[in-house]
Amino acid sequence: MRSDLTAEEARLVGEGFLPANFARLREAQRKGGLAAAKALYRAGKKGPFATSYGDPEAMLAGARRMAENPEVARMVRAVRKGDILAITYNAPNDLISKATRGPFTHTVLCVSDKAPPEFIEALGLSGNVSDPNGNKVLRSMMADHTGSTWSVRLLRPTQGLSPLEAEKAVRRAVAYAETQLGKPYDFAFTETNGRGRNDAFYCSELTYKAYTHPRGADLPIRLRKAAARDEAIASLSRVLEGLKPDDQGALAHDFAMLAARMPLDEAHIVSFLADRVAPATALTRAVADTPARRTALRVALGKLVDGTGFARISGALRRSTEAEQAGDFNGVFGLGRRLAALGGIVVAGVRDAHGLTKDLGFLRSLSLTWRLAHTFVPEAEILARFLLGPDDARTRQIHEGLDGLDALARDAGRVPGLAAVWPLPRRARREVHPDFVSPSDLAWAGLPHQDFNARPENPLDEARWRATRGAQPGR
């Protein structure tokens with residue numbers, strides 16, 4: 001069969017950049033077209049597969065890139081079954097890199113011991129969200145992960161184990177990844193996807209858990225957590241789930257692109273919420289379904305973003321707190337004063353809500369405000385700290401407002417039955433979510449590794465990368 005290949009193709013097969021059966025794939029393509037070649041290459045393997053998987057032309061194009069790029073060629077010869085590749089495409093403004101505070105944007109697990117390497121990966125935010133073969137855990141080829149700007153850190157979690165222990169760990173890690181094939185991409189970026197089940201994966205979640213999960217290799221990998229980032233990612237996923245978007249993957253992608261523009265100005269935030277989010281979620285579509293309502297929504301959002309939207313309720317909350325501290329709610333008449341303060345806060349909140357959204361229809365806007373409050377308010381401080389900074393005046397204002405709401409909720413709890421009929425939103429707890437792991441977290445976890453860097457001016461080492469960007473270790 002090898003005589004049917006061109007001299008170039010034969011050379012690339014010999015160097016391990018094309019599969020050994022490439023001549024058979026060419027013959028199948030000649031007789032039955034591309035579908036026949038793909039079917040031959042995929043036979044006996046569990047899918048789903050990347051769109052190009054088994055395409056001889058894609059294989060040849062990838063093999064040429066491997067041969068032309070010394071760093072890629074060196075990696076292809078070094079990679080073994082069970083290795084994790086942490087990939088960067090060396091794009092300084094890449095949205096994943098900016099959101100996760102590291103250069104690496106994707107990870108894949110090598111699941112083959114034949115040349116060229118093949119992988120299982122969770123492809124979503126790092127790929128094309130509109131690709132029908134994407135947004136899920138799938139099988140891909142080495143040709144899908146090469147390019148002139150491509151660099152990788154090859155991680156070998158089993159290095160240092162005995163040969164028998166390493167073989168067992170690799171077998172279990174690969175089996176774990178194969179079990180997840182076909183599961184959707186985890187656009188919630190949480191271990192249990194908000195539903196208590198491991199039924200979706202993002203890229204570094206899959207590769208990390210293949211080695212750390214009890215049903216995987218069950219090896220320890222220690223990560224240093226980036227608290228503010230992890231809090232914000234978990235918080236954003238809860239907001240998205242509450243909004244009930246038409247396409248959570250696409251909206252999560254666009255949120256990440258917005259975050260990549262940091263520092264953000266108020267105009268960008270207002271435009272994104274009014275023009276992108278509101279028309280695309282079940283919760284908000286009714287107040288963005290006409291040009292007039294969209295205009296009114298922009299005005300209301302502008303007041304919320306600049307901190308002037310809830311001036312009345314802010315004042316009422318402040319007065320209630322001052323009265324509490326002065327002891328006005330103690331004694332025989334204290335309950336009456338407390339109820340009066342609660343009533344004043346309710347009236348102030350309704351007036352603020354009506355003033356913000358009067359052009360949207362009062363009853364409609366009041367109901368929406370109540371539902372949005374329970375979606376956004378608990379997460380507001382976490383997101384503001386991440387997007388605007390902890391010292392921003394708007395972040396401090398949100399912090400004070402949530403203090404007031406917490407005090408109000410405590411007051412409402414003292415009135416029998418009130419909390420049940422009038423449940424107030426409460427701030428979400430700030431905590432590091434140990435289940436989140438970014439590609440850079442994994443690449444910088446201290447695992448045995450080799451670097452294959454096509455762009456030395458963009459370092460892969462954590463200390464050097466941060467030095468080039470003036471970043472602080474706390475991320």
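This passage walks through the fold, the cores, the aromatic pairs and the charged side chains of one protein chain. The structure is a predicted model.

A good place to begin is the overall make-up of the chain. Its secondary structure comes to 19 helices and six strands. Of the 475 residues in the protein chain, 51% are buried. Contacts also reach across the sequence: among those between residues at least 6 apart, 68% join residues at least 24 apart.

The interior comes next. In soluble globular proteins, nonpolar side chains tend to be buried together. Here, the largest nonpolar core has 53 residues, and those with the most contacts inside it include Leu109, Ile120, Tyr211, Val277 and Leu442. Several elements each supply at least two residues of this core, among them strand S3 (118-123), H7, H8, helix H9 (227-243) and helix H15 (362-387). For a closer look at one member, Leu442 can be followed outwards: beyond residues up to four places away in sequence, it touches a set of residues including Ile84, Leu155, Tyr208, Ile221 and Leu447. Apart from the largest core lies another, of 33 residues, with Leu60, Val79, Trp150 and Phe452 among them.

Two helices show how burial plays out along a single element. Ten of the ten residues of H8 are buried, so this helix is largely enclosed by the rest of the structure. The buried residues of H8 include Cys203, Glu205, Lys209 and Tyr211. Their cover includes strand S1 (84-88), strand S2 (106-110), S3, strand S4 (136-141), H7 and helix H18 (439-443). In helix H2 (residues 22-32), the buried residues are Phe22, Ala23, Leu25, Arg26, Ala28 and Gln29. Helix H1 (7-14), H3 and H4 are included in what covers them. Just after H2, glycine 33 takes a positive phi of about 85°.

Aromatic rings offer another way into the structure, which holds five aromatic pairs. One of these is formed by tyrosine 41 and tyrosine 53, a tilted pair with 5.2 Å centre to centre and 50° between the planes. The pair links distant parts of the chain, with tyrosine 41 in helix H3 (residues 34-42) and tyrosine 53 twelve residues away in the loop between H3 and helix H4 (56-68). Both tyrosines, 41 and 53, are buried. Tyrosine 176 and phenylalanine 201 form an edge-to-face pair, at 6.3 Å centre to centre and 90° between the planes. This pair also links distant parts of the chain: tyrosine 176 belongs to helix H7 (residues 163-179), and phenylalanine 201 to the loop between H7 and helix H8 (203-212), 25 residues apart. Tyrosine 176 and phenylalanine 201 are buried.

The surroundings of tyrosine 41 are worth a second visit. Tyr41 and Tyr53 form one aromatic cluster together with Phe49. Over the ring of tyrosine 41 sits the charged end of lysine 45, 3.9 Å from the ring centre. Another lysine, lysine 38, has its place in helix H3. Lysine 38 is buried yet has no salt bridge, and the nearest side chain of opposite charge, aspartate 55, is 5.2 Å away. Leaving aside neighbours within four places in sequence, lysine 38 is in contact with Thr51, Tyr53, Gly54 and Asp55.

Elsewhere, charged side chains do pair up, and a search of the whole structure finds 16 salt bridges. Arginine 74 forms one with glutamate 71, their closest N and O atoms being 3.2 Å apart. These two residues are three apart in helix H5 (residues 70-78), which means that about one helical turn separates them. Arginine 74 is partly exposed, at a relative accessible area of 38%, whereas glutamate 71 counts as buried at 18% relative accessibility.

Other bridges span the sequence. Aspartate 83 forms a salt bridge with arginine 156, the closest N and O atoms being 2.7 Å apart. Aspartate 83 lies in the loop between H5 and S1 and arginine 156 in the loop between strand S5 (151-155) and H7, so the pair ties together parts that are 73 residues apart in sequence. Both aspartate 83 and arginine 156 are buried. Glutamate 178 forms a salt bridge with arginine 139, with 3.9 Å between the closest N and O atoms. Because glutamate 178 lies in helix H7 and arginine 139 in strand S4, this pair ties together parts that are 39 residues apart in sequence. Glutamate 178 is partly exposed at 30% relative accessibility, while arginine 139 is buried, with a relative accessible area of 7%. Finally, salt bridges that share partners join Glu9, Arg26 and Glu57 into one network.

How values were computed: Residues numbered from 1 in each chain as written. Predicted model: local features only at pLDDT ≥ 70, side-chain atom pairs only at ≥ 80, totals over all residues. Heavy atoms only, no water. Phe/Tyr/Trp six-rings, centres within 6.5 Å; stacked < 30°, edge-to-face > 60°. Helix = DSSP H or I, 4+ residues; strand = E, 2+ residues; numbered from the N terminus. Buried < 20%, exposed > 50% of the residue type's maximum accessible area, 1.4 Å probe, protein only. Lys NZ or Arg CZ within 6 Å of the ring centre and 35° of its normal. Lys, Arg positive; Asp, Glu negative; His and termini not counted. Salt bridge = Lys/Arg side-chain N within 4 Å of Asp/Glu carboxyl O. Contact = heavy atoms within 4.5 Å. Core = buried A, V, L, I, M, F, W, Y, C linked by side-chain atoms within 4.5 Å.
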